[in-house]
Amino acid sequence: MKEKGPASEVGWPVINEEVVKKINCAANNVFFATGRFKLLPKSFKNLDVVVMILNDNPTYKLNIIGHTDDVGKDDYNMTLSDNRAASVKAYLVSKGILESRLTSTGYGESRPIADNKTVAGRAQNRRVEMTAHNY
């Protein structure tokens, strides 16, 4: 480790804001068919950006979190969100990223960011989030 970071980052350097933006952009462009967890090919270009970032920064680790809207049963949505996050993780591993650098978790419908009563709100709640860290 070349430089020390703040206590909030457990002493590791803060990840560059531009890198965070690229990872967030990639996460916002991960797509699945309705009710499925197989990645759609239009996701690959964006995920490849994340692969490049992780290859360029070997100390980075990535948390991948899946979410769903509230349509369907809670148990199904929890499993679907977990499988979607795991699909993103599997893609990154298939591109050479060490599995030990990645975690995946699903939260189902438990953490909405928009109102599930509208089509637009449900679309926002069906998402994958990715957060990079150095520790």
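In this predicted model, D69 is buried, with a relative accessible area of 7%. The side chain of D69 nevertheless has a charged partner: D69 and R126 meet in a salt bridge, with an N to O distance of 2.7 Å. This pair links distant parts of the chain, 57 residues apart: D69 lies in the loop between strand 1 (61-67) and helix 3, and R126 in the loop between helix 4 (119-125) and strand 3 (127-133). R126 is partly exposed, at a relative accessible area of 42%.

The structure holds four salt bridges. Among them are the following.

| Salt bridge | N to O distance |
|---|---|
| D69 and R126 | 2.7 Å |
| K89 and E99 | 3.5 Å |
| R127 and E129 | 3.1 Å |

K89 and E99 meet through their side chains. Their pairing also links distant parts of the chain, with K89 in helix 3 and E99 in the loop between helix 3 and strand 2 (102-106), 10 residues apart. K89 counts as buried because its relative accessibility of 16% falls under the 20% limit.

R127 forms a salt bridge with E129. R127 is buried, with a relative accessible area of 13%, whereas E129 counts as partly exposed at 31% relative accessibility.

Unpaired charge is found at the surface, where D70, D74, D75 and D115 form a negative patch. One of these residues, D75, is placed in helix 3 (residues 74-94). D75 is exposed because its relative accessible area of 64% is over the 50% limit.

Technical notes. Residues numbered from 1 in each chain as written. Predicted model: local features only at pLDDT ≥ 70, side-chain atom pairs only at ≥ 80, totals over all residues. Heavy atoms only, no water. Patch = residues over 30% accessible without salt bridge, like charges linked within 9 Å, V, L, I, M, F, W, Y side chains within 5 Å. Areas by Shrake-Rupley, 256 points an atom, 1.4 Å probe, with all protein chains shown as cover. Lys, Arg positive; Asp, Glu negative; His and termini not counted. Charge placed at Lys NZ, Arg CZ, Asp CG, Glu CD. Helix = DSSP H or I, 4+ residues; strand = E, 2+ residues; numbered from the N terminus. Buried < 20%, exposed > 50% of the residue type's maximum accessible area, 1.4 Å probe, protein only.
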